[in-house]
Every structure is written in structure tokens, then in C-alpha cells.
Amino acid sequence: MTDRGGIDRRGLIAGATILTAAAASRAGKAQEQPVIDERTVLIVVDVQNDFCPGGSLAVAKGDEVVPVINALAKRFSNIVLTQDWHPPGHSSFASSHPGKKPFETVQMSYGPQVLWPDHCVQGTKGAEFHADLDQARAQTVIRKGYRREIDSYSGFVEADRRTPTGLTGYLRERGILRAVIAGLATDFCVSWTAQDAARAGFDTYVVEDACRAIDLEGSLAKAWAEMAELDVTRIKASDLPG
Ligand code: VGL
Ligand code: ZN
């Protein structure tokens with residue numbers, strides 16, 4: 001790895017007087033590939049029509065992740081999908097805030113919230129998974145963002161940072177130790193999901209070429225920096241063991 005996380009970690013090692021085994025193992029992790037076994041899950045984030053070209057919140061080249069993820073998924077025995085799933089009039093929609101436009105930020109009870117075009121409305125075509133995404137071997141779908149007043153970028157904890165989706169419990173109960181994450185969008189739902197996976201104690205990897213970003217005012221660089229801070233490892237699909 002040549003990313004910022006790797007450099008930071010080496011800097012930390014150089015400056016440390018005592019390096020614990022746990023810190024050493026974390027420090028080395030950026031060089032590693034995840035073990036893919038029955039204790040590893042692939043989390044496929046929000047590969048839905050509205051985030052693909054032609055959708056209401058289209059991520060540039062969002063559809064390009066589909067063949068990469070389909071190929072990746074063949075190597076995993078555990079696959080979970082997340083699905084952005086908003087009621088009409090959701091509080092993250094600019095249309096719910098008179099005078100506000102998409103991509104402006106407002107203050108919500110839980111903090112700042114970017115306003116979006118209406119997207120992924122429950123039961124609509126835009127909320128469906130991309131038609132070419134292989135769903136057959138997915139074991140569960142975690143829907144999120146279904147409470148009108150709370151958004152949820154993360155597949156684990158909603159934007160109030162309190163309300164769990166149930167995914168942590170589901171994965172823990174199944175004995176999962178490692179999460180490999182891909183999908184849309186790198187700087188919002190993928191990043192938040194990866195950060196929460198790491199916080200929940202899963203060894204967490206993001207497959208950068210199996211993701212595409214929105215990149216709003218530096219959000220992509222910020223997302224990678226925040227993920228690195230939490231020891232999320234940035235990998236490429238070709239880094240994964242065959
Ligand atoms: C997402 C903005 C709003 C995402 C979801 O999937 O990254 N972004 N809702
Ligand atoms: Zn959304």
C-alpha cells in the first residue's frame with residue numbers, strides 16, 4: 001500500500017517508544033489482503049438504479065462497479081447487500097425543505113445533513129438493485145434510511161449515530177470477523193459503512209475499484225482519510241487472494 005494510511009502508520013512506528021503487539025498488527029495490516037473464509041463477509045453497498053447513470057442521484061460511472069462486484073462475490077461465501085430505502089418526503093430530500101436545493105447542507109437534530117434529490121424511494125424502480133447485480137447468493141438485505149426524520153449512510157448505525165440497523169448483531173451472531181466493502185458511493189455510504197464496521201471491531205477492507213464516488217467539495221479525500229484513521233484498509237480487487 002502506498003496510501004496516506006500506510007505512510008501515517010510508518011510515521012507512528014518511527015515515533016513510538018513502545019509498540020504493542022496489537023498496534024504492530026494494526027500497523028502491518030495496510031500491507032495485507034483479507035483472508036476470505038467463512039468468517040469474512042462481502043458487504044455490497046447501495047448498488048441501486050438511482051445511484052447509477054440515468055438515476056436521480058447518479059454517481060459518475062456508478063454502473064461500472066457491477067461487473068467488478070459480481071466477479072468479487074464469486075469468491076465469498078457470505079454476502080450482504082445494503083439498500084437505501086427512503087419513504088416519500090424523507091428529511092434528506094431537498095424537496096422536503098422549502099427554499100433549499102439539492103447538495104446544500106442543513107442542520108438536523110443530529111447535526112449537519114446534505115440535502116439530496118429525491119432518491120431510492122421505497123417500492124420505486126430507482127430503489128431497486130441494478131438489474132445486472134447478482135443477488136442470488138446474497139444472504140440478507142439491510143434496508144436503511146426508512147425513518148422519515150433520520151438519514152442513514154451507514155449500513156450499521158443511522159445518522160443520529162444511535163439507532164442501529166441490526167447489522168452488527170447479525171454479523172456477530174454469525175461469527176463474522178472480517179468485512180470487505182464495495183459499492184456506492186465511496187465517500188458517503190461506503191465510507192460510513194466501513195467506518196462503522198471498523199468501530200464495531202470487524203477487520204475492515206474497502207475495494208476501491210469496486211466503488212465509485214460522488215465527490216462533493218473534497219468529500220472523497222476526506223472519506224479516505226477518515227477510513228485510514230480507523231484502520232480501514234484500502235485494497236484493489238486484484239489484491240484479493242484468488
Ligand atoms: C447515498 C447519498 C444519499 C449513498 C445514499 O449510497 O452513498 N448517498 N443516500
Ligand atoms: Zn439516501
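Which residue lies over the face of Trp-85? In this predicted model, it is Arg-143, which sits 3.7 Å from the ring centre. A second arrangement of this kind turns up at Trp-224, where Arg-234 lies over the ring face at 4.0 Å from the centre.

Now to the metal. The zinc ion (ligand 2) picks up its coordination from Asp-84 through OD and from His-86 and His-119 through NE2, at 2.0 to 2.2 Å. Along the chain, these donors follow the spacing D-x1-H-x32-H. Asp-84 belongs to strand β2 (residues 79–84), whereas His-119 sits in the loop between β4 (111–114) and β5 (140–144), so this pair ties together parts that are 35 residues apart in sequence. As for geometry, the four donor atoms around the zinc ion (ligand 2) subtend angles of 87 to 172°. A tetrahedral site would need all angles between 85 and 135 degrees, and the spread found here makes the arrangement irregular. Two of the ligating residues are well described in terms of accessibility: Asp-84 is buried, with a relative accessible area of 3%, and His-119 is buried with a relative accessible area of 3% as well.

The aromatic side chains are worth a look too. The count of aromatic pairs comes to six. One of them brings together Trp-116 and Tyr-153, with ring centres 6.3 Å apart and planes at 80°, so the pair is edge-to-face. Trp-116 comes from the loop between β4 and β5 and Tyr-153 from the loop between β5 and α4 (167–173), so the contact ties together parts that are 37 residues apart in sequence. Both partners are tucked away: Trp-116 is buried at a relative accessible area of 2%, and Tyr-153, at 11% relative accessibility, also counts as buried.

Tyr-153 has a further partner in Phe-188. Here the ring centres are 5.4 Å apart and the planes stand at 65°, so this pair is edge-to-face too, given that the angle is over 60 degrees. Again the pair links distant parts of the chain, with Tyr-153 in the loop between β5 and α4 and Phe-188 in helix α5 (residues 186–199), 35 residues apart. Like Tyr-153, Phe-188 is buried.

Taken together, ring pairs link Phe-103, Trp-116, Tyr-153, Phe-188 and Trp-192 into a cluster. Within that cluster, Tyr-153 pairs with Trp-116 and with Phe-188.

How values were computed: Residues numbered from 1 in each chain as written. Chains lettered and ligands numbered in written order. Predicted model: local features only at pLDDT ≥ 70, side-chain atom pairs only at ≥ 80, totals over all residues. Heavy atoms only, no water. Donors = N, O, S within 2.8 Å, 3.2 Å for Na, K, Ca; no water. Tetrahedral: all angles 85-135°; square planar, octahedral: opposite > 155°, others 65-115°. Helix = DSSP H or I, 4+ residues; strand = E, 2+ residues; numbered from the N terminus. Buried < 20%, exposed > 50% of the residue type's maximum accessible area, 1.4 Å probe, protein only. Phe/Tyr/Trp six-rings, centres within 6.5 Å; stacked < 30°, edge-to-face > 60°. Lys NZ or Arg CZ within 6 Å of the ring centre and 35° of its normal.
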